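User: Hello! I am new to this structure and would like a close look at a single part of it. Could you walk me through it at an easy pace?

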Amino acid sequence: MSLGRRCRRQAVELPLTSRLRRGYRIEDVDAVLHRFAYELAERSRQLRLATPENRRIKTALRRWQSESVPSDLGTDRPP
């Protein structure tokens with residue numbers, strides 16, 4: 001079960017152990033913890049990749065905005 005593109009809060013269902021033993025099976029808990037660790041690492045990786053791309057887009061937008069504004073804007077404004 002993957003969290004997918006959006007983080008969704010949902011219940012984690014683990015099978016209970018037999019009546020002789022209380023709680024959850026250790027293997028099932030370990031599997032869920034490993035899955036969560038993998039998904040957290042994947043989200044961190046995606047964030048590291050997105051940060052430089054966001055910076056590049058912001059820089060390009062600022063450059064485009066500054067090139068698009070007429071140079072005499074603001075110098076001869078009527079009162």
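Is glutamate 42 buried, partly exposed or exposed, and what is its relative accessibility? Please start there and then show me the helix around that residue.

Analyst: Happy to help! One thing to keep in mind is that this is a predicted model.

Glutamate 42 counts as partly exposed, because its relative accessibility is 21% and buried means under 20%. The side chain of glutamate 42 meets that of arginine 45 in a salt bridge, with 2.6 Å from N to O. Arginine 45 is partly exposed too, at a relative accessible area of 37%. Both glutamate 42 and arginine 45 belong to helix α1, which covers residues 26-68, and they sit three residues apart, about one turn of the helix. That spacing matters for a pair like this: an α-helix has 3.6 residues a turn, so residues three or four places apart point the same way.

Now for the helix itself. The protein chain has one helix and zero strands, so α1 is the whole of its secondary structure under the DSSP runs used here. Helix α1 is made of 43 residues, and the distance from its first C-alpha to its last is 62 Å, close to the 63 Å expected at 1.5 Å a residue.

Further along α1 there is another pair with the spacing we have just met. Glutamate 53 forms a salt bridge with arginine 56, and their closest N and O atoms are 2.7 Å apart. These two residues lie in helix α1 as well, three residues apart, or about one turn. Glutamate 53 counts as partly exposed at 36% relative accessibility, and arginine 56 is also partly exposed, with a relative accessible area of 49%.

Next, let us go to the beginning of the helix. Aspartate 28 lies in α1, and its side chain meets that of arginine 25 in a salt bridge of 2.8 Å, N to O. Here the two partners fall into separate classes: arginine 25 counts as partly exposed at 38% relative accessibility, whereas aspartate 28 counts as buried at 16%. In total, the structure holds four salt bridges, including those described here.

What lies around aspartate 28? Leaving aside residues up to four places away in sequence, aspartate 28 touches Leu14 and Pro15. Glutamate 13 is found in the segment before α1. Its C-alpha atom is separated by 9.7 Å from that of aspartate 28, although the two residues are 15 residues apart along the chain. Glutamate 13 is exposed, with a relative accessible area of 72%.

Aspartate 28 also has company among the buried residues: those of α1 are Asp28, Val32 and Glu39. Across the protein chain, buried residues make up 5% of the 79 residues.

There is a nonpolar side to the picture as well. Phenylalanine 36 lies in helix α1 and counts as partly exposed at 33% relative accessibility. Together with Val12 and Leu33, Phe36 forms a nonpolar patch on the surface, and the three have about 240 Å² of accessible area together. For the protein chain overall, about 7900 Å² is exposed, and carbon and sulfur atoms supply 56% of that area.

To return to your starting point, glutamate 42 is a partly exposed residue of helix α1, about one turn from arginine 45, its salt-bridge partner.

Notes: Residues numbered from 1 in each chain as written. Predicted model: local features only at pLDDT ≥ 70, side-chain atom pairs only at ≥ 80, totals over all residues. Heavy atoms only, no water. Helix = DSSP H or I, 4+ residues; strand = E, 2+ residues; numbered from the N terminus. Buried < 20%, exposed > 50% of the residue type's maximum accessible area, 1.4 Å probe, protein only. Areas by Shrake-Rupley, 256 points an atom, 1.4 Å probe, with all protein chains shown as cover. Patch = residues over 30% accessible without salt bridge, like charges linked within 9 Å, V, L, I, M, F, W, Y side chains within 5 Å. Expected span 1.5 Å × (residues − 1). Contact = heavy atoms within 4.5 Å.
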